[in-house]
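Trainee: I would like to learn how to read charged and buried side chains in a model. Could you walk me through it?

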Amino acid sequence: DAAVRLGVMQESMSKSGSAAKEKRDEFGLEVTNGPLLMSAIKMNRKAGNDKKNATEFEIAFDATDDIVLNMIHLNGKVDGGDHSGDKFKSTQLGAAYTVAPGLIVGVAHKRFDTTDGNTADADSDGNETRFQVRVNF
């Protein structure tokens, strides 16, 4: 079975005291076809002169009834404000296995890269591996 799902979120907060007026919005698209899921999300946030935006892409595949494989890529940047030019990107590969109804184990490995728009010495690259046991009841 194929399906398409769209999502929109918009939020606005008025200026309060020293906090600047803030506006956030997200737009998403998800397409599923049998065991395959693909999604894209565009996120924007503006607070005063600070403008942040990010895009996330995900592909997930139900390899079996019990195993799901996925890849997520996130790319974000700051335009304006004190952190103008800052960038972040990450790519994550993961797998989840349903051991029994309500018991899921998973592993994910992420590679990330941050760029400081103002200070090259503050750039950071790295890896992260996470193991998770989840119990739903």
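Mentor: Happy to. Let's start with Arg24, which counts as partly exposed because its relative accessibility is 31%. Keep in mind that this is a predicted model.

Trainee: Which residue does Arg24 form a salt bridge with?

Mentor: The general idea comes before the case: side chains of opposite charge can pair when their charged atoms come close. Here, Arg24 pairs with Glu11 in a salt bridge, and their closest N and O atoms are 2.7 Å apart. Since Arg24 lies in strand S2 and Glu11 in strand S1, the pair ties together parts that are 13 residues apart in sequence. Glu11 is at 33% relative accessibility, so Glu11 counts as partly exposed.

Trainee: How many salt bridges does the structure hold?

Mentor: There are seven salt bridges. Another of them joins Glu22 to Arg45, with 3.0 Å between the closest N and O atoms. This pair links distant parts of the chain, with Glu22 in strand S2 and Arg45 in strand S3 (residues 36-47), 23 residues apart.

Trainee: Is Glu22 buried or exposed?

Mentor: Buried is the word for a residue under 20% relative accessible area. Glu22 is at 15%, so Glu22 counts as buried. Its partner Arg45, at 28% relative accessibility, counts as partly exposed.

Trainee: And where does the salt bridge between Lys110 and Glu128 fit in?

Mentor: In that salt bridge, the closest N and O atoms of Lys110 and Glu128 are 3.9 Å apart. Lys110 sits in strand S7 (residues 103-115) and Glu128 in strand S8 (residues 124-135), so the pair ties together parts that are 18 residues apart in sequence. Lys110 has a relative accessible area of 22%, which means partly exposed, and Glu128 is partly exposed too, at 34% relative accessibility.

Trainee: Which residues do salt bridges with shared partners join into one network?

Mentor: They are Glu22, Arg45, Asp50 and Lys52. You have met Glu22 and Arg45 already, as a salt-bridged pair.

Trainee: Which residues gather in a patch of positive charge on the surface?

Mentor: Look for Lys21, Lys23, Lys46 and Lys51, which gather there. Take Lys21 as an example: it is found in the loop between strand S1 (2-13) and strand S2 (22-33). At 54% relative accessibility, Lys21 counts as exposed.

Trainee: Now for contacts. What is Gln92 in contact with, leaving aside its neighbours within four places in sequence?

Mentor: A contact list shows what surrounds a residue in space. For Gln92, with those neighbours left aside, the list is Asn70, Met71, Ile72, Ala108, His109, Lys110 and Arg130. Gln92 belongs to strand S6 (residues 87-100), and its relative accessibility of 12% is why Gln92 counts as buried.

Trainee: His109 is on that list. Where is His109 placed?

Mentor: His109 is in strand S7. Its own contacts, again without neighbours within four places in sequence, are Thr91, Gln92, Leu93, Asn127, Glu128 and Thr129. At 36% relative accessibility, His109 counts as partly exposed.

Trainee: How far apart are His109 and Gly94 in sequence and in space?

Mentor: That is a good pair for practice. They are 15 residues apart in sequence, and their C-alpha atoms are 6.3 Å apart in space.

How values were computed. Residues numbered from 1 in each chain as written. Predicted model: local features only at pLDDT ≥ 70, side-chain atom pairs only at ≥ 80, totals over all residues. Heavy atoms only, no water. Helix = DSSP H or I, 4+ residues; strand = E, 2+ residues; numbered from the N terminus. Buried < 20%, exposed > 50% of the residue type's maximum accessible area, 1.4 Å probe, protein only. Contact = heavy atoms within 4.5 Å. Patch = residues over 30% accessible without salt bridge, like charges linked within 9 Å, V, L, I, M, F, W, Y side chains within 5 Å. Areas by Shrake-Rupley, 256 points an atom, 1.4 Å probe, with all protein chains shown as cover. Salt bridge = Lys/Arg side-chain N within 4 Å of Asp/Glu carboxyl O. Lys, Arg positive; Asp, Glu negative; His and termini not counted. Charge placed at Lys NZ, Arg CZ, Asp CG, Glu CD.
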